[in-house]
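Dear colleague,

I am handing over the structure below, and I would be glad if you could look through it before reading the notes that follow.

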Amino acid sequence: MVRRRHGWSRILVLLTDLAVMAVLVAGTGALAAAPAPAKRRIAASLLTSKHGFYQELEDGLVAEGRKYGFELDITYAEFDAAKQARQIEDLIARKPDALIISPCDSTAIGESIVKANKASIPVFTVDIANRSGYGSVVSHIASDNFEGGRLAGQLMAKALGGTGKVIIINHPSITSVMDRVSGFREYLEQYPGIQIVADIPAWGQRSRATAIMEDVLMMMPYIDGVFGINDDSALGALQAIEAARVKRRIVVVGYDGTPEAVKAIRASKIYGDVVQYPRQIGVLAIQAIRDHFNGLPVKPYIAVGVGIVTADSLGGP
Amino acid sequence: MWDSRKNLAQVAPAGVVAAGGPGSDGGAGASAAVARRRSGLGARLGRLFEDYGMALVFAGICVLFTIWTKGLFIRPDNIVNVLRQISINACIATGMTFVIITGGVDLSVGSVLAVVGIVTAKLLTRLPGLMPVLPAIILSCLVGLMMGGVMGSVNGFTITRFRVPPFVSTLAMMTAARGVAFLLSDGRPVWNLPLQFNFIGRGYVLDKVFGPWVPMPVVIMVVVMATAHVILTRTQIGRYVYAVGGNEEAARLSGINVARVKMFAYSLSGVTAALGGIILISRLASGQPGAGESYELYAIAATVLGGTSMSGGKGTMVGTAIGALIMGVLNNGLNLAGVESYSQNVILGAVILGAVLIDRLRKGA
């Protein structure tokens with residue numbers, strides 16, 4: 001008896017709860033429906049405002065967002081993970097309808113994503129993924145950097161004719177770059193004649209890449225190829241090769257296809273570049289958010305294609 | 001003009017004179033007296049160490065790397081590389097030495113370098129359309145150097161006129177100037193610089209005669225440091241720089257225009273940072289708004305490694321040159337030895353701390 005009554009009271013409580021919730025939902029629904037539908041607000045904490053890549057990505061977000069009348073609130077963490085954490089807290093406080101993040105640190109970002117989850121704000125990551133194991137992300141939109149790395153390997157193998165010693169100018173701790181490098185290494189495994197003799201970080205900075213390349217040319221004057229994980233790395237290495245007046249051919253392969261690198265490719269100073277389509281990342285991110293708003297299913301990972309640029313593909317000077 | 005040294009000797013407390021003598025090392029002088037009381041070989045070695053401590057450390061590092069890299073390090077072409085790699089830091093550290101001797105610090109050098117780099121690069125892309133290339137390059141560089149001087153003198157002005165501590169004042173400039181660099185460039189690199197401009201950062205002097213052995217940035221560095229050395233040791237303003245850093249109040253009482261001396265030091269620091277910026281954009285063939293980040297720390301490290309006291313009043317250009325060399329040799333040598341870069345930072349930090357500790361011991365503190 002007692003147990004049964006207990007059961008009934010439980011159900012009663014549940015029912016009251018449901019009723020209250022229904023009223024609340026109906027109320028908010030009515031409130032939301034009454035005025036003209038409020039503009040959907042999307043907040044973003046991007047890695048940086050300083051790289052051409054992110055500027056194009058942002059252009060994509062803004063242009064596509066405008067199409068659907070979304071209001072964008074874009075902030076930049078400028079490579080500072082702690083700053084990004086504070087930034088996201090502030091963004092969450094303003095209760096946006098969706099949050100776009102490109103994490104400064106793939107592991108540290110977990111906590112911020114959990115906070116957004118608790119506030120029921122759907123999170124989308126662009127370019128750099130959440131690898132913390134915490135928090136849930138609706139969708140990750142990024143270049144297929146692994147494929148990009150494979151393409152870079154393909155360029156290198158073709159330019160070297162299948163044999164040679166290669167170095168990588170790396171930027172560790174960034175997932176997108178890690179993917180590039182693993183793709184590059186994986187592709188070159190099928191060429192036993194190509195050896196990767198060094199893998200040195202220049203942190204994506206041109207001045208560091210130049211200094212490192214000078215030292216590499218001293219230490220291993222025999223190298224045949226350089227893979228720069230971004231164009232600053234490739235162009236920095238190129239500067240050192242030119243200054244050292246290396247007589248032999250050293251193949252330089254870059255990544256991103258910035259205008260400066262394209263010019264060097266035209267002049268046959270850089271053999272080729274893998275290019276990403278950052279604008280497309282921005283566009284697809286907004287489309288994923290739109291689909292999510294409309295209750296449509298969104299793929300957890302949206303891979304944006306990559307391509308290559310060589311002097312041939314540019315069609316000569 | 002009256003002879004500053006004589007008057008200083010009469011007016012200022014003895015401490016100022018010890019610290020303010022041209023090229024003299026106040027602290028070492030005092031402990032040298034202690035050493036003299038000891039006798040024999042130990043004392044002589046001790047004195048040698050006091051006078052040439054950092055030079056010995058530098059020589060030791062060079063020997064170590066030569067052995068470690070099986071002679072690769074000491075090859076002439078590598079020496080040329082090292083000198084070229086340190087040229088920018090050495091230029092910046094030159095101005096920094098003046099500032100630190102006055103008892104201040106200049107955190108804005110990296111950002112000043114970036115702003116000047118962007119402005120000069122922009123001019124270099126525009127001016128050659130309006131005038132012949134060579135005058136365009138000279139004009140762009142002069143404007144860049146002047147901008148550096150102006151930014152430095154703004155630092156000097158806020159520090160002397162409003163008594164804002166140098167750390168705060170130059171920190172503000174560092175932050176603001178970095179923003180300006182991004183505003184001016186719209187966050188994008190400025191490139192397509194005239195080919196002739198490459199000479200400053202990548203060219204070789206008398207290439208046809210010597211071949212690629214005398215890089216232009218190294219020549220610039222040597223000229224700048226030698227000039228600074230002469231200013232510091234042989235001119236009145238140089239002696240005033242020491243006097244202001246040694247004991248500002250005493251310097252003021254002895255009739256030195258302290259504000260003017262400080263203005264000079266900060267303006268000079270701006271100009272040398274600007275010069276670093278010009279060399280950098282030529283070396284990289286583009287002006288980058290993010291360039292020069294944490295260069296202030298490298299410059300301070302080189303200065304401190306050279307025995308310049310952060311509390312002011314002592315330091316020499318020879319010391320700073322050795323400091324910059326130690327930094328450059330460590331970077332290059334560890335690269336050549338194949339030490340991965342995380343450990344490199346740890347070693348660099350340890351050496352900076354170790355060097356300062358040696359300096360403390362040397363002073364008998």
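Before turning to how a helix lies against strands, it helps to say that axes are lines fitted to C-alpha atoms, for helices over the stretch in contact, and that angles run from 0 to 180 degrees between N-to-C directions. Please keep in mind throughout that this is a predicted model.

With that in place, helix α3 of chain A, residues 81-93, lies across β1, β2 and β3 of chain A, and its direction makes an angle of about 175° with β1(A). Those strands belong to an open sheet in chain A, in which 6 strands follow the order β2-β1-β3-β4-β5-β11 with parallel pairing. At its edges are β2 (71-76) and β11 (301-304) of chain A, each of which pairs on one side only, and the twist from one strand to the next averages 15°. Within this sheet, strand β1 (residues 41-46) and strand β3 (residues 98-101) of chain A run parallel and are joined by 4 bridges, and A:Ala44 has A:Ile100 as its bridge partner in β3(A).

Turning to chain B, there are 17 helices and 2 strands, and 52% of its 365 residues are buried. Of the contacts in chain B between residues at least 6 apart in sequence, 78% join residues at least 24 apart. Helix α12 of chain B (residues 236-246) is largely enclosed by the rest of the structure, because 9 of its 11 residues are buried; among them are B:Gly238, B:Arg239, B:Tyr240 and B:Val241.

With kind regards

Notes
Residues are numbered from 1 along each chain as its sequence is written. Chains are lettered from A and ligands numbered from 1 in the order in which they are written. This is a predicted model: local features need pLDDT of at least 70, side-chain atom pairs count only at pLDDT 80 or more; totals for chains, interfaces and linings use all residues. A residue is buried if 20 or more other C-beta atoms lie within 10 Å of its own, exposed if 12 or fewer, and partly exposed in between; C-beta atoms are placed from the backbone. Two residues are in contact if their C-beta atoms, placed from the backbone, lie within 7 Å. Two strands pair if DSSP finds at least two bridges between them.
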